[in-house]
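Please open the structure in your viewer and keep the sequence beside it. This tour proceeds from one selection to the next.

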Amino acid sequence: MNKIIRIEESKDYQVVENIVRLAFESEEMSDHREHLLVNRLRQSKDFVPALSLVCEIDGEVVGHILFTKIKIVSSTSAFESLALAPVSVLPKYQKQGIGGALITEGHKQAKELGYTSVVVLGHEAYYPKFGYQRASQYGIRLPFDVPDQNSMAIELVPHALDEISGVVEYPKEFME
């Protein structure tokens, strides 16, 4: 199996939309509109093309991950961070480490681009494997009600979130 992770190109958009749709098709905790979110985020000023990655296996795109710029806002400051949303793998390729490979490579690329942290709303049993911890431990909250264990953050650079707290401000495209 020849696995390549690379930056998404416009020729991948239709395939990625299908991957995202199929990946979330049977998820209980989903509105089944993640593929539409990806399309909206690509049009956002907070879209980072270098952090929209795909995984190819033997020439077929089978997975996708997207990191988008966000802010963590307190009464006195705003700190730039990233949101991971979504990570998607075709169902027949799930549970083979592809999502993890996309997360790991995404973190590496984000750090190389100068980003120091990532926030995710996701499965409490999955993301901690990659170093995510409850966002509340850093004093970070999401702008909507969500179980504490599903709101997580990771420091890509040690101590990046030491002096940071506040509410995540997502691009408007997340809320449409």
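The stops below concern strands first and aromatic rings afterwards.

This is a predicted model, in which local features need pLDDT of at least 70 and side-chain atom pairs count only at pLDDT 80 or more, while totals for chains, interfaces and linings use all residues. Residues are numbered from 1 along each chain as its sequence is written, and side-chain values use heavy atoms, with hydrogens and water left out.

Select residues 47-57, which form strand β2 (strands are DSSP runs of E with at least two residues, numbered from the N terminus). Nine of the 11 residues in β2 are buried (under 20% relative accessible area, with exposed over 50% and partly exposed in between, for a 1.4 Å probe and protein chains only).

Add residues 3-7, strand β1, which runs antiparallel to β2 and is joined to it by five bridges (two strands pair if DSSP finds at least two bridges between them). Here arginine 6 has valine 54 as its bridge partner.

Next, select residues 60-73, strand β3, joined to β2 by seven bridges in an antiparallel arrangement. Phenylalanine 47 stands opposite threonine 68. In the two-residue turn of this hairpin, aspartate 58 has a positive phi of about 50 degrees.

Now select Tyr126, Tyr127, Phe130 and Tyr132, which form one aromatic cluster (rings of Phe, Tyr and Trp, the last by its six-membered ring, pair if their centres lie within 6.5 Å; planes under 30 degrees apart count as stacked, over 60 as edge-to-face and the rest as tilted). Tyrosine 127 is buried, at 7% relative accessible area, whereas tyrosine 126 is partly exposed, at 24%.

Terms used: Helices (H or I, at least four residues) and strands (E, at least two) are DSSP runs, numbered from the N terminus.
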